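This report introduces a protein chain to a reader who has not met it before. Please look at the sequence and the structure before reading on.

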Amino acid sequence: MAQRSMSAGQQQKLFRRFKRGSRAGMRGSSLVKKLLFIPLAFVVLLLLAISFFEGRKAYWDYQVRKMCEKDGG
């Protein structure tokens, strides 16, 4: 049997076919990334909200303590 070599055009078509298949697999991974991003964003927003309210509380506690010291107790 004689081996036939592929022309450059045939090699490019074959490469494109394999490349296209790998891109289809990557589409699914982007969906997974988006689905993982939603809970992560929720956790980050929750932490920001908690830190904001705790910071406000600490500020006003400090202000009350300062006014109490000024008044003498």
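The sections below treat the fold, the surface, the aromatic pairs and the salt bridge.

## Overall fold and exposure

The model described here is predicted. Its protein chain has 1 helix and 0 strands. The helix, H1, covers residues 8-71.

Of the 73 residues in the protein chain, 1% count as buried. The chain exposes about 7400 Å², and carbon and sulfur atoms supply 66% of that area.

## A nonpolar surface patch

Which residues make the nonpolar surface patch of about 520 Å²? The patch is made by Phe 37, Leu 40, Val 44, Leu 45 and Leu 48.

One of these residues, Leu 48, lies in helix H1. The relative accessibility of Leu 48 is 52%. Leu 48 therefore counts as exposed, since that class begins over 50%.

## Aromatic pairs

A pair of aromatic rings is described by the distance of the centres and the angle of the planes. The count for this model comes to 2 aromatic pairs. In one of them, the ring centres of Phe 52 and Phe 53 are 5.2 Å apart and the ring planes stand at 70°, so the pair is edge-to-face. Planes over 60 degrees apart are placed in that class. Both partners are partly exposed: Phe 52 has a relative accessible area of 47%, and Phe 53 has one of 48%.

Tyr 59 and Trp 60 also form an edge-to-face aromatic pair, with 4.9 Å from centre to centre and 75° between the planes. What separates these two partners in exposure is the class into which each falls. Tyr 59, at 44% relative accessibility, counts as partly exposed, whereas Trp 60 is exposed, with a relative accessible area of 51%. The value for Trp 60 lies over the 50% cut-off, which is why Trp 60 counts as exposed.

## The salt bridge

Side chains of opposite charge can pair when their charged atoms come close. How many salt bridges does the model contain? The count comes to 1 salt bridge. It joins the side chains of Lys 57 and Glu 54, at 3.7 Å from N to O. This distance satisfies the rule because the nitrogen must lie within 4 Å of a carboxyl oxygen.

Lys 57 and Glu 54 both lie in helix H1, 3 residues apart, or about one turn of the helix. Lys 57 is partly exposed, with a relative accessible area of 47%. Glu 54 is likewise partly exposed, and its relative accessible area is 45%.

Notes: Residues numbered from 1 in each chain as written. Predicted model: local features only at pLDDT ≥ 70, side-chain atom pairs only at ≥ 80, totals over all residues. Heavy atoms only, no water. Helix = DSSP H or I, 4+ residues; strand = E, 2+ residues; numbered from the N terminus. Buried < 20%, exposed > 50% of the residue type's maximum accessible area, 1.4 Å probe, protein only. Areas by Shrake-Rupley, 256 points an atom, 1.4 Å probe, with all protein chains shown as cover. Phe/Tyr/Trp six-rings, centres within 6.5 Å; stacked < 30°, edge-to-face > 60°. Patch = residues over 30% accessible without salt bridge, like charges linked within 9 Å, V, L, I, M, F, W, Y side chains within 5 Å.
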